[in-house]
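Work through the exercises below with the sequence and the 3D structure at hand. Try each task before reading its solution.

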Amino acid sequence: MSDNFEKKPPVTTTDAGIPATSDEHSLSVGPNGPLVLQDHYLIQKMAQFNRERVPERVVHAKGSGAFGYFEVTADVTQWTSAAFLNQVGKRTPVLARFSTVAGELGSADTVRDPRGFAIKFYTEEGNYDLVGNNTPIFFVRDPSKFSDFIHSQKRMPDTDMRSNNAQWDFWSLSPEVIHQVTFLMTDRGIPRTYRHMNGYGSHTFMWINAGGEKFWVKYHFKTEQGIQNFTDSDAKAMVAQDPDYHRRDLRKSINKKDFPVWRLEMQIMPFADAANYRFNPFDLTKVWPHSDYPPIEVGRLVLDRNPENFFAEIEQASFEPANMVPGIGPSPDKMLLGRLFSYPDTHRHRIGPNYLQLPVNQPKSGVHSYNKDGAMRYRHNGNQPVYAPNSYGGPQANPNIIEPSWEANGEIVRSAYALHAEDDDFGQAGTLYRKVLSQTDRDHMVSNIVGHMSQDVEKFIQERAIKLWLQVDRDLGTRIAQGLGISVDVPLESAQRP
């Protein structure tokens, strides 16, 4: 704004571009009389003000973002034919958005919560959206449970307050959450800044090379700023001091030209390996151990420009996993397949059916579609045909693009995944606790869990949760029980509601 200080300001206008005669006074009958309906400018200002908030995102409402670029640093053409990855040194403009999951638009951004890590690549083949988190895993593995999980984290209908009791009730009844909850209750559950956390595609995706060969892949964006986290007490102090701390830090760092950078590393699994891999490679609650598939560095993500208008460029930004360019596709991950529908559907509700025509969401490549009309549509094809097939030169699909696919057979059922050799809900969480965390990390984790479960969580739910923690690690479960004043020397109660 300082750059405009010395400039002569333009004339205020209505939204139709008509000059306004006053920025301060409404049209009235005399200085003290009633206002008149013909004051179109006043009515426009009030009506627009009443409508200037679109519905906030149901999840990931509080967030921030910035623009930058992705640069390829290694040849990956042996694995994918995606055009934006086809040459070392190639740069693609990007928009990244970071967010908390459960809080509302005005909530503090330094609370214990997973962070969203979403990237829009404006490629020459259309937009590619990679929508993940700062964790390589998630709480549930079937989209049927997703809305129930979110409801347990949100405000309760009777009190309109969030409930730790509801969270632990859901978690303790859903053993598949325990890996993600373990991660969440470490200090990594509250990153110090957006710049000091990793980002992950989380899901398994498919890459396809020019010859049609297929691979399963996972995305890991490793922060070059280093991992830094808040302790629980420091984070709570920051909630009071600056509820926009993460938002402010990201903007200030870019303004100072201290541009945040992430290194993209890929885990790549040969297509055939998935069938007999020791873990289900499509289960979102699992990781692929790096000893099995070592990460390979392929590029750098750099953020170097702040949004000029937060609402237009961040609040109205849409990210959808269904946006995949040729050479990239989905996997049999049930959560991913559910999100392919859910994300664009929520954007149509939140910001309108033509949300992809908004400048921040508009692809840099040309759009040639037979979709038409709908609220707020401004892009059109003139007198071109609006149907296919047609005789008048309308766009035609390209049958030579290799579609992502895999074999599937069997009866149509409602069922959990078929288990692989080492599939269970507790093993990887136990490995994280015993082999990845330091002693200080483990101590903080126990303290965080005990503190969280001590806040109005009913005893029978505490006992049920302890049963899960004991299966993760006997020492961990015992320490949590001791912190809650519950003995594990004798069998725990049935943990059913009395």
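Three exercises follow, each with a worked solution.

The model is predicted, so local features need pLDDT of at least 70 and side-chain atom pairs count only at pLDDT 80 or more, while totals for chains, interfaces and linings use all residues. Residues are numbered from 1 along each chain as its sequence is written, and side-chain values use heavy atoms, with hydrogens and water left out.

**Exercise 1. Two packed helices**

Describe how helix H3 and helix H10 pack, and state which residues make the contact.

Solution.
Step 1. Locate the helices (DSSP runs of H or I, at least four residues, numbered from the N terminus). H3 covers residues 164-172 and H10 covers residues 439-453.
Step 2. Give the geometry. Two packed helices are described by the angle between their axes and the distance between the axes. For H3 and H10 the angle is about 115° and the axes are 9 Å apart. Axes are lines fitted to C-alpha atoms over the stretch in contact, and angles run from 0 to 180 degrees between N-to-C directions.
Step 3. List the contacts (heavy atoms within 4.5 Å). H3 contributes Asn164, Gln167, Trp168 and Trp171, and H10 contributes Ile449, His452 and Met453.

**Exercise 2. The largest nonpolar core**

Find which residues of the largest nonpolar core touch the most other members, and which helix supplies the largest share.

Solution.
Step 1. Apply the definition: a nonpolar core is a set of buried Ala, Val, Leu, Ile, Met, Phe, Trp, Tyr and Cys residues joined through side-chain atoms within 4.5 Å. Buried means under 20% relative accessible area (1.4 Å probe, protein chains only).
Step 2. Of the 43 residues in this core, Phe139, Trp168, Trp171, Trp469 and Ile480 touch the most other members.
Step 3. Helix H11 gives the largest share, eight residues.
Step 4. Look at one member. Beyond its neighbours within four places in sequence, Trp168 is in contact with residues including Val181, Ile449, Ile461 and Trp469.

**Exercise 3. One face of a helix**

Where do the buried residues of helix H6 lie around its axis?

Solution.
Step 1. Helix H6 spans residues 245-255 and contains His246.
Step 2. His246, Asp249, Leu250, Ser253 and Ile254 of H6 are buried. Seen down the axis of H6, these residues fall within an arc of 120°, so they line one face of the helix. The arc is that of the directions from the helix axis to the C-beta atoms.
Step 3. His246 has a relative accessible area of 0%.
Step 4. The buried residues of H6 pack against strands (DSSP runs of E, at least two residues), namely E1, E2, E3 and E9.

Technical notes:
Buried means under 20% relative accessible area, exposed over 50%, partly exposed in between (1.4 Å probe, protein chains only).
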